[in-house]
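Below are some notes on the structure, set down as numbered points. Please read them alongside the model.

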Amino acid sequence: MMGVCLTALLSHWWRNPIQLFAYLAGLALATALWSGVQAINAEARASYDAAAGLLDDGQFDQLLPRQGTSIPQEVYIALRRAGWVVSPVIEGRLGKLRLLGIDPVTAPRGLGPGGPARLLSLEAGAGDRLFMAQSTAQGVDVDVAVTIDAGIAPGMAIADIGVTQRLLKRNDLSRLIILPQQPLGRVELAQIAPELRLQPAQQTADIGQLTDSFHLNLSAFGLLSFAVGLFIVHSTIGLAFEQRRGMIRTLRSLGVPLRGLITLIAVEMMLLAAVGAVAGVVAGYLIAGLLLPDVAATLRGLYGADIAGTIQLRRSWWLSGLLIALLGTAVALTGRLWQIAHMPLLASVRPRAWVMATDARFRLQSRGAVILLAGALVLALLGQGLVGGFALLGCLLIGAALILPKLAAVVITMFERNARSPLWQWFWADTKQQLPGLSLALMALLLAVSANIGVSTMVSSFRLTFVGFLDQRLAPELFVQVETAAQSAEVQAFLDKNATEVLPLLKTRARTVGPPTELYGVQVGPTYRENWVFLDAGRAPWDTVAAGLGAVVNEQFARRAGLWVGDRVAIDGDTTLPIAAVVGDYGNPSGQIVVSAQLLQTFHPGVIPMQFGVRTQNTLALRQSLQDTLGIPANAIVNQAAIKALSMQVFERTFTVTAALNALTLLVAGFAILMSLLTLADLRVPQLAPVWALGITRRYLGRLEVLRALALAAVVFVCAVPLGLALAWVLLSIINVEAFGWRLPMYLFPAEYLRLGVYSLGAALLAALWPALRLMRTPPSALLKVFANER
Amino acid sequence: MNAKLVLFLLVFPVTLWAQGFSGLGAQVDGFATPAPNPVFDFPEDHGPHPDFRIEWWYVTANLQGADGQDYGLQWTLFRTALAPGEAAGWRSPQVWFAHAAVTTPKAHFASERFARGGIGQAGVEAAPFHAWIDEWALSGADFDRLDLKARGADFGFDMTLDALGPLVFHGADGYSVKSREGQASYYYSQPFFDIEGKLILPEGTVPVSGKAWLDREWSSQPLSENQTGWDWFSLSFDDGAKLMGFLLRQNDGTTFSASTWITSEGEAVTLPADAFRAVALEKHRIAGREIPTSWQVTLPERGINVTVAALNPNSWMDLSIPYWEGPVRISGSHAGKGYLEMTGYE
């Protein structure tokens with residue numbers, strides 16, 4: 001009995017394979033992007049955890065050299081013998097491998113999950129061993145044994161300090177971790193090792209926190225496409241149920257119990273949903289694999305975070321992808337099943353009932369839209385934080401999407417009133433009548449197009465600002481990096497004679513509380529005065545800085561610290577200076593304070609310039625003579641152009657992911673339109689038949705169908721432009737400030753929007769073409785049957 | 001005082017050098033083993049023996065302040081080898097660690113240090129004698145007059161030790177058997193130190209003086225596999241005689257004991273195995289375990305029948321290797337002071 005019922009139910013899909021495809025593909029699409037994005041996020045988080053867990057520099061105070069990167073091993077012994085309970089760390093690069101050497105005997109216990117002891121249980125002979133992740137081990141060629149440990153961050157290897165020194169061919173140390181428990185009567189640091197400075201533990205800004213905003217961004221995109229996918233599923237389920245009303249009535253009339261029927265339908269739909277969701281998870285895995293390299297590059301460029309290069313099947317994301325897809329389907333299903341349960345046994349079969357626009361539904365939608373848009377306004381005025389920003393985005397987008405059908409109806413009514421010929425009047429009236437059936441697809445298109453406009457406005461604004469910023473900041477023609485104090489003095493002397501202007505740069509970590517902040521000492525000269533463009537400045541900011549009476553800070557720092565021009569900023573411990581100016585500093589995760597070189601040296605006497613910007617008329621000749629005369633290695637001298645190219649490369653990769661996700665959402669929206677039109681096509685035959693009978697050819701009707709799709713897409717696009725710009729504003733002025741610490745000026749790109757307009761019309765055209773072709777090929781007999789079949 | 005051997009065996013496997021020490025009781029891969037009839041060569045033998053797996057320089061002292069207040073002090077430097085022999089730099093297989101503690105009737109302070117051998121952070125030189133780890137040190141021109149220093153986060157001490165008697169050799173001329181299976185170590189003591197100096201405590205610096213006992217022991221395979229814990233006593237009676245005795249608890253519930261009677265003149269008499277008897281009287285709950293902090297100690301051969309009670313039952317060494325160690329008072333047939341160490345209580 002049940003078998004027969006099931007066959008009857010399934011026969012619906014037999015007869016409507018396109019609907020079946022729409023159902024499965026909608027779910028697959030919804031699940032794919034969502035689980036893909038979650039897979040990327042999960043991978044990144046695992047990488048951060050591995051990095052943070054193994055050697056979380058932030059959680060301990062440390063001793064660092066004031067100058068350079070090296071601490072002689074004797075200094076370590078001297079400190080221990082003077083009562084400093086410190087543990088040595090050496091870091092270096094071996095090709096692409098980042099090597100970290102620790103001493104497990106003295107390392108603090110809290111170092112990592114299981115601690116270094118787990119790695120370096122110093123059994124006899126075990127010292128000669130590198131520990132690294134599986135992905136890192138592939139393609140590593142070292143002459144010591146490698147032990148795979150999944151807990152280690154990608155690109156990194158950990159070993160005993162002795163092994164590391166040998167591999168790096170060094171006999172010094174990089175830094176010393178100060179253990180929490182220190183004994184009484186410790187000798188002052190200045191007496192033992194004046195060349196070292198104490199870097200306090202950093203409680204804030206771990207890499208996970210820094211990158212949270214980026215992952216939230218990805219999640220938002222994933223959710224957007226999930227929503228669009230569910231639109232498709234929802235409308236397909238609705239259509240399938242309406243079309244099966246007749247069958248359900250027949251089955252029930254034949255005596256199939258209601259409960260059994262409902263169970264059967266639920267099982268059938270959920271099984272199909274599971275197929276779609278599994279396909280979606282597989283697609284998500286593939287998408288994640290494709291996007292991951294760019295995501296990795298972005299995270300490295302923006303935050304200096306290393307993540308693994310391969311996606312692992314983690315239960316966290318594939319299970320959540322499946323569950324959310326099934327849950328979404330179940331929600332869409334419940335309403336329909338409830339309807340069946342309450343449908344009178346012999347209710348009249350009206351296949352178009354669900355399509356017939358009820359004003360009530362539109363009114364309800366519009367009311368919801370108004371509430372959401374009002375919410376968006378409130379959030380824009382009062383909202384705070386990244387979550388507030390995304391909530392604003394959500395309210396804005398969903399509100400706009402909900403109000404779209406109403407808006408489109410108004411526009412179409414306007415056209416209808418102005419239509420002269422009866423055919424056009426029919427065209428507009430028929431278009432309006434189709435709105436409910438298409439509204440979900442149109443909403444999807446609106447979301448996709450406005451997201452595209454918003455994001456491309458943001459990216460292009462960012463690009464313009466960034467290029468301008470690079471020109472300001474990279475005014476010097478050459479940059480020279482030196483290794484030692486002697487070299488520094490030599491280069492300074494040489495450049496004083498041979499260059500137009502020398503810009504020595506002194507760099508150290510600011511000794512202030514809060515997130516890591518770089519303290520720069522500069523020689524104020526014409527280059528700084530002419531090129532740096534401030535976001536805001538007091539009077540004669542460079543004079544103030546040169547006199548040691550003020551500091552220039554970057555925007556990130558100013559916003560994080562809640563300070564602005566005129567406020568006092570802590571330069572060193574309790575010493576504060578007024579902020580002379582705030583400067584835009586894009587693409588840089590850390591805060592910066594710029595003071596005069598002389599002032600910096602009063603707080604950090606050991607710091608000397610290790611980097612020089614050089615202004616010169618003759619770049620090539622100066623570069624050559626630096627190499628020949630002073631023996632500076634070629635790779636220590638960088639041309640301005642090379643840095644710019646590198647910076648732009650990082651920038652472009654940063655937005656590759658965004659662009660890819662954008663394209664995918666547009667694709668999903670196009671697919672939604674196609675599916676809606678296809679499923680509607682058969683239902684529309686009864687409406688088209690009379691028009692055909694009045695003498696309009698099938699070919700002409702087909703053209704009108706295409707035109708209708710284009711007209712609707714055009715309406716959507718017109719609505720999408722202001723929505724997209726609002727979106728861009730939120731991204732630039734709210735999300736960016738929260739996520740990265742900089743506010744970007746917004747530029748408009750009409751040509752770009754026009755191009756997008758063409759794309760979306762193109763998507764609509766492509767989507768309408770197939771249904772139109774089918775219409776053109778509908779046999780006249782089918783159209784005639786409309787009049788023959790009494791319904 | 002091979003209590004520390006038990007310590008290693010029982011507690012170390014769960015800590016840092018887990019793999020290095022698993023199987024300590026059974027395997028002696030490449031390490032030298034103690035042999036009967038040792039001939040010591042001083043001052044060289046005050047220095048390290050890197051071919052043996054473990055070794056220590058162990059000082060305990062019963063102290064008194066000017067007001068008669070009792071204190072206890074412990075300073076121990078341990079050497080443990082991951083492989084026999086020595087190498088320069090980080091390749092050295094030697095690992096050093098040290099414990100220091102001060103006990104008052106009310107409080108117990110303890111601290112520890114760790115170091116790799118081969119890099120100069122820790123080590124022992126025989127002559128002039130110098131044993132150090134970080135800023136902690138036990139050193140002097142020779143083994144008879146030593147300066148002792150340690151610092152923790154909330155305590156410290158600077159002491160001077162002056163030997164008033166000869167070295168004492170345990171077991172058979174310093175060959176000390178630890179089990180019926182024949183496991184053994186080299187073991188000698190200097191129990192005749194006068195000690196004075198200052199304790200640095202949270203309430204201030206306290207000048208103190210008293211008696212100290214220094215143990216030297218090294219071995220490679222000192223314990224049999226079935227030994228689970230250890231109670232070690234060093235007792236100094238008011239009449240000048242001293243008694244070192246230990247119980248090794250075995251997993252079948254039996255014990256193995258050994259002891260040395262030291263006359264006030266410094267003559268050492270090794271007593272027969274199991275002559276020394278100690279029975280727990282009172283248990284004290286600390287760190288989630290039941291620790292006997294009061295004992296009935298009997299040695300019929302010498303007419304000893306005394307109660308040994310902790311000065312502070314909370315003398316718990318809450319370190320990477322946790323154990324109980326603290327000063328004790330002796331009453332009964334004889335009176336005096338001493339030190340008690342207990343390991344392997346879970």
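1. A:Phe131 has A:Thr147 of β6(A) as its bridge partner. The strands concerned are β5 (residues 129-132) of chain A and β6(A), which are paired in the parallel sense over four bridges. Bear in mind throughout that this is a predicted model.

2. Where does this pair of strands belong? Both are part of an open sheet of eight strands in chain A, ordered β6-β5-β7-β4-β3-β9-β1-β10, with mixed pairing. At the edges are β6 (145-148) and β10 (196-199) of chain A, each of which pairs on one side only. Direction ignored, the average turn between neighbouring strands of this sheet is 30 degrees. Helix α3 (residues 73-81) of chain A packs on the sheet, where it touches β3 (86-94) and β9 (175-178) of chain A. The direction of α3 makes about 165 degrees with that of β3(A).

3. A further set of pairings involves strand β17 (residues 575-583) of chain A. Strand β14 (residues 534-537) of chain A pairs with β17(A) in the antiparallel sense over three bridges, and A:Ala537 stands opposite A:Ala581 there. Strand β15 (residues 551-554) of chain A is parallel to β17(A), with four bridges; in this pairing A:Val553 faces A:Val582. Strand β16 (residues 568-572) of chain A runs antiparallel to β17(A) and is joined to it by four bridges, with A:Ala570 opposite A:Thr576. As background, strands of a sheet pair through backbone hydrogen bonds, either parallel or antiparallel.

4. Does the length of helix α13 (residues 385-418) of chain A agree or disagree with its residue count? At 1.5 Å a residue, its 34 residues should span 50 Å, and the end C-alpha atoms are 48 Å apart, so the two agree. The helix does have a bend of about 40 degrees at A:Leu404, and a proline, A:Pro405, follows within four residues.

5. A:Ala485 lies in helix α15 (residues 485-498) of chain A. Is this residue buried, exposed or partly exposed? A:Ala485 has 14 other C-beta atoms within 10 Å and is therefore partly exposed; 20 or more would make a residue buried, and 12 or fewer exposed. Beyond its neighbours within four places in sequence, A:Ala485 is in contact with A:Gln67 and A:Ile608. A:Gly68 is 417 residues from A:Ala485 in sequence, yet the C-alpha atoms of the two are 8.9 Å apart.

6. Chain B has two helices and 23 strands in its secondary structure. Of its 346 residues, 55% are buried. Taking contacts in chain B between residues at least 6 apart in sequence, 57% join residues at least 24 apart.

7. On confidence, the average pLDDT of chain B is 87, and 91% of its residues score at least 70. Residues 1-27 of chain B are another matter: pLDDT stays under 50 over this stretch. The model nevertheless has 72 contacts beyond four places in sequence for these residues. Where pLDDT is low, the predicted coordinates should not be read in detail. For the model, the scores are ipTM 0.90 and pTM 0.56.

Conventions. Residues are numbered from 1 along each chain as its sequence is written. Chains are lettered from A and ligands numbered from 1 in the order in which they are written. This is a predicted model: local features need pLDDT of at least 70, side-chain atom pairs count only at pLDDT 80 or more; totals for chains, interfaces and linings use all residues. pLDDT is the predictor's confidence in each residue, from 0 to 100. Two residues are in contact if their C-beta atoms, placed from the backbone, lie within 7 Å. The expected span of a helix is 1.5 Å times one less than its number of residues. The bend at a residue is the angle between axes fitted to the seven residues ending there and the seven starting there. Two strands pair if DSSP finds at least two bridges between them. Axes are lines fitted to C-alpha atoms, for helices over the stretch in contact, and angles run from 0 to 180 degrees between N-to-C directions.
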